[in-house]
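This note is addressed to a colleague who is meeting the structure for the first time. Please keep the sequence and the view at hand while reading the points that follow.

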Amino acid sequence: MSGNIQLLEDTLAAARAEGRSALIAYLPAGFPTVDGGIEAVKAAFDGGADVVEVGLPHSDPVLDGPVIQTADDIALRGGLKIRDVMRTVREAHEATGRPVLVMTYWNPIDRYGVERFTAELAEAGGAGCILPDLPVQESALWREHAEKHGLATVFVVAPSSKDERLATITAAGSGFVYAASLMGVTGTRESVGEQAQDLVRRTKATTDLPVCVGLGVSNARQAAEVAGFADGVIVGSAFVQRMLDAPDAAAGLAAVRALAAELADGVRGKA
């Protein structure tokens, strides 16, 4: 069975055709429970997300800030396994027909087996993987299997990336490019900043792939700001924080749905 890279590409192209950025939400699998995490992904789509990244919680999350680390810890203490991540992707995609990616560090895939992981992700209806810590020069095996199974390989670029390095990274990627808006870990920020705009400009000079910006966006105003120069706006910590702050599971889902609706207005210039 082939994965859904085409659905991802079509979804991003449709947003561009509407003259707007795509809204990409991030939510970790297994948080607050496996079933609750699946419902949270559905709620993000219900609220207006175009794409959802499902995080594979990891014990050493080098890119994740304290909010996502807290959620990851809850998921891992709950006994989350990779099969639960695949189930999250499958049920969310089947329920919505929307593109669902997995965001994961390389170590869990390496231990699980690249062929096994890509085959199962494609079978679950996944659109691809975001791999923040996999160096491009070490990615040939992954890319071979991802391409075979119809999965996008999304690499992360940062403000520190030199132009030559950007060209190497974007040439190897597919689906879209994840532009980290600042140096550091995930989390909400008061301002996304000029670094992100410059990074998008430099990245676009190397590729026709959509360039989507993450790290720091937490409200409709910031989403509108980033939508002014990026093809997609990625939001994670703000969703997780809303769930952490909610008094119960139902309130958490309502908060995710409401934030997705606010951000969807932001990327459409209605904030």
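Which residue just after H7 takes a positive phi? The residue is Gly-150, with a phi of about 70°. The model is a predicted one, and the points below should be read accordingly.

1. The sheet. An open sheet is built from 9 strands with parallel pairing, in the order E5-E4-E3-E2-E1-E9-E8-E7-E6. E5 and strand E6 (156-157) occupy the edges with a single partner strand each, so one side of each has no neighbour in the sheet.

2. Strands E2 and E3. Strand E2 (residues 51-55) and strand E3 (residues 100-103) run parallel and are joined by 4 bridges. Within this pairing, Val-52 has Val-100 of E3 as its bridge partner. Helix H4 (residues 82-96) lies across E2 and E3, and runs at about 160° to E3.

3. Ala-25 in strand E1. Strand E1 (residues 22-28) contains Ala-25. With a relative accessibility of 0%, Ala-25 counts as buried, because buried means under 20%. Beyond the residues up to four places away in sequence, Ala-25 touches Ala-44, Ala-49, Val-51, Val-52, Glu-53, Val-235 and Phe-239. Val-52, named above for its bridge to Val-100, is thus one of the residues that Ala-25 touches. Ala-25 and Phe-239 are separated by 214 residues in sequence, yet their C-alpha atoms are 7.8 Å apart in space.

4. The nonpolar core. Which residues have the most contacts inside the largest nonpolar core? They are Phe-117, Trp-142, Phe-176, Tyr-178 and Phe-239, in a core of 96 residues. Phe-176 illustrates how widely such contacts are spread along the sequence: setting aside residues up to four places away, its contacts include Leu-8, Ile-24, Leu-101, Val-154, Leu-209 and Ile-234. Glu-53 and Pro-210 are also among the residues that Phe-176 touches, and Glu-53 is in contact with Ala-25 as well.

5. Helix H7. Trp-142, His-145 and Ala-146 are buried in helix H7 (residues 140-148). Viewed down the helix axis, the buried residues of H7 fall within an arc of 100°, so they line one face of the helix. An α-helix has 3.6 residues a turn, so residues three or four places apart point the same way. The face of H7 turned away from the buried side carries Glu-144, Glu-147 and Lys-148, which are exposed. The cover over the buried residues of H7 includes helix H5 (106-112), helix H6 (114-123), strand E4 (128-130) and strand E5 (152-154).

6. Thr-104. Is Thr-104, in the loop between E3 and H5, buried or exposed? Its relative accessibility is 1%, so Thr-104 counts as buried. Apart from neighbours within four places in sequence, Thr-104 is in contact with Leu-56, Ile-109, Cys-129, Ile-130, Leu-131, Pro-132 and Asp-133. Ile-130 is also one of the residues touched by Phe-176.

7. Salt bridges within helices. The count of salt bridges comes to 17. Side chains of opposite charge can pair when their charged atoms come close. In helix H3 (residues 66-77), Arg-77 and Asp-73 lie 4 residues apart, about one turn of the helix, and they form a salt bridge whose closest N and O atoms are 2.9 Å apart. Arg-77 is exposed at 62% relative accessibility, whereas Asp-73 is partly exposed at 37%. In helix H4, Glu-91 and Arg-87 are likewise 4 residues apart, about one helical turn, and their side chains meet in a salt bridge of 2.8 Å, N to O. Glu-91 is partly exposed, with a relative accessible area of 29%, and Arg-87 is partly exposed at 29%.

8. Salt bridges between elements. Arg-202 and Asp-163 meet through their side chains in a salt bridge of 2.6 Å, N to O. Arg-202 belongs to helix H9 (residues 194-204) and Asp-163 to helix H8 (residues 163-172), so the pair ties together parts that are 39 residues apart in sequence. Arg-202 counts as buried at 12% relative accessibility, while Asp-163 counts as partly exposed at 46%. A network of salt bridges links Glu-18, Arg-20, Asp-50 and Arg-98.

Technical notes
Residues are numbered from 1 along each chain as its sequence is written. This is a predicted model: local features need pLDDT of at least 70, side-chain atom pairs count only at pLDDT 80 or more; totals for chains, interfaces and linings use all residues. Side-chain values use heavy atoms; hydrogens and water are left out. Buried means under 20% relative accessible area, exposed over 50%, partly exposed in between (1.4 Å probe, protein chains only). Helices (H or I, at least four residues) and strands (E, at least two) are DSSP runs, numbered from the N terminus. The arc is that of the directions from the helix axis to the C-beta atoms. Contact means heavy atoms within 4.5 Å. A nonpolar core is a set of buried Ala, Val, Leu, Ile, Met, Phe, Trp, Tyr and Cys residues joined through side-chain atoms within 4.5 Å. Two strands pair if DSSP finds at least two bridges between them. Axes are lines fitted to C-alpha atoms, for helices over the stretch in contact, and angles run from 0 to 180 degrees between N-to-C directions. A salt bridge is a side-chain nitrogen of Lys or Arg within 4 Å of a carboxyl oxygen of Asp or Glu.
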